[in-house]
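Please examine the sequence together with the three-dimensional structure shown below. The paragraphs that follow lead through its strands, its cores and its helices in turn.

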Amino acid sequence: MEISLAGRTAVVTGGSKGIGLAIATRFAASGADIAIIARGRETLDAAVKAIAAPGRRVIGVQGDVAVAADLKRAYDEAMATLGKIDIVVNNAGTSATSPFEKLTDEFLQLDLDQKLFAAVRLSRLVWPQMKERRWGRIINVLNIGAKAPRGGSAPTSISRAAGMALTKVLSHEGAPHNVLVNALLVGFIEADQHVQAAKKAGVELKDYVAARTKEIPLGRIGRAEEFANMACFLASDAGSYITGTAVNVDGGRSPVV
């Protein structure tokens, strides 16, 4: 099976590290020109340097996707360089959690802005051109809590579940125009947030990982590159009959299919 993105252009939000960086790297290696959007200039510059592939245009656009005006500016900057956008990966956001009793309106709104509204706004910006060319791919990166939320997992499970509904709505509206919309649900994948979580818990990273992998049938943490491989498949013509689907990339951890 040939997985090629030759001639395609892609925007990856939160693409300067972790899963987003792995996706952008895989896309570039498969032939796509890439714009990554993230807040930090230093990490963006490092990511662009790391992604660089022969003959590929790779740019880093600084912006906060949670702010509508900033996202629009970042979109315009990406368009000015790439000329068109064929693929969007809505990846920005972390797994913010709080006990329900302590969940403030402000904390919930921030999570919705970073994950749900950012995906809505960027998808709305690219939608007309994708429809006009009759080719487009939108991939929403969520997590397995979107299907099987646990206690204490708000606000992230709430915003991710809404992201799954958005995926289904857009898939129906995009299908007549060959605009395919899917979601990928993260399980326990290598990411900087786990390093931070281990520090916050006051434990060694290896011990934190060991405890978490007990819940995974495959018995190990996933690699960001494995997640990126699935994203690349869905973004390519190889995934041309898949839309409106939410795929668990979790080593079997989710209790639901």
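Two strands are said to pair if DSSP finds at least two bridges between them. The helices (H or I, at least four residues) and strands (E, at least two) are themselves DSSP runs, numbered from the N terminus. The model is a predicted one, in which local features need pLDDT of at least 70 and side-chain atom pairs count only at pLDDT 80 or more, while totals for chains, interfaces and linings use all residues. Residues are numbered from 1 along each chain as its sequence is written, and side-chain values use heavy atoms, with hydrogens and water left out.

A suitable place to begin is strand E4 (87-90). E4 pairs with E1 in the parallel sense over three bridges, and the bridge partner of Val-12 in E4 is Val-89. Four bridges, again in the parallel sense, join E4 to E5. Here Val-89 stands opposite Ile-139 in E5, and Ile-87 has Arg-137 of E5 as its bridge partner. Between these two strands the chain crosses from E4 through H4 to E5 in a right-handed β-α-β crossover. A crossover is called right-handed if, with the strands pointing away from the viewer, the path from the first strand over the helix to the second runs clockwise.

Strand E5 (136-143) also pairs with E6, in the parallel sense and over eight bridges. In this pairing, Ile-138 stands opposite Val-181 of E6. E5, H5 and E6 make a right-handed β-α-β unit.

The next topic is burial. A residue is buried under 20% relative accessible area, exposed over 50% and partly exposed in between (1.4 Å probe, protein chains only). In a regular strand the side chains alternate between the two faces of the sheet. Both faces of E4 are covered, since Ile-87 and Val-89 on one side and Val-88 and Asn-90 on the other are all buried. In E5, Gly-136, Ile-138, Asn-140 and Leu-142 point one way, Arg-137, Ile-139, Val-141 and Asn-143 point the other way, and all are buried. Eight of the eight residues of E5 are buried, so this strand is largely enclosed by the rest of the structure.

Which residues have the most contacts inside the largest nonpolar core? They are Ile-23, Phe-27, Ile-34, Ile-36, Ile-87, Val-89 and Phe-227, in a core of 33 residues. A nonpolar core is a set of buried Ala, Val, Leu, Ile, Met, Phe, Trp, Tyr and Cys residues joined through side-chain atoms within 4.5 Å. The elements that each supply at least two residues of this core include E1, helix H1 (18-29), E2, helix H2 (41-51) and helix H8 (224-235). The largest share, seven residues, comes from H8. Apart from this core lies another, of 27 residues, among them Val-65, Leu-112, Ala-118 and Ile-138. Val-89, already met in E4, is in contact (heavy atoms within 4.5 Å) with Val-11, Val-12, Thr-13, Ile-23, Phe-27, Ile-139 and Val-141, leaving aside its neighbours within four places in sequence.

Helix H3 (residues 68-82) has 15 residues and reaches 21 Å from its first C-alpha to its last, close to the 21 Å expected at 1.5 Å a residue; the expected span is 1.5 Å times one less than the number of residues. Leu-71, Ala-74, Tyr-75, Ala-78 and Leu-82 are the buried residues of H3. They cover an arc of only 105° around the axis, which puts them on the same side of H3; the arc is that of the directions from the helix axis to the C-beta atoms. Their cover includes strands E1 (9-13), E2 (33-38) and E3 (58-62) and helix H4 (105-133). The face of H3 turned away from its buried side carries the exposed residues Ala-69 and Ala-80. After H3 comes Gly-83, with a positive phi near 85°.

Certain loop residues complete the account. Arg-134, in the loop between H4 and E5, has a positive phi of about 55° although it is not a glycine. Asn-178, in the loop between H5 and E6, is likewise a residue other than glycine with a positive phi, near 60°. Pro-155 has its place in the loop between E5 and helix H5 (156-174), and the peptide bond from Ala-154 to Pro-155 is cis, with omega near 5°.
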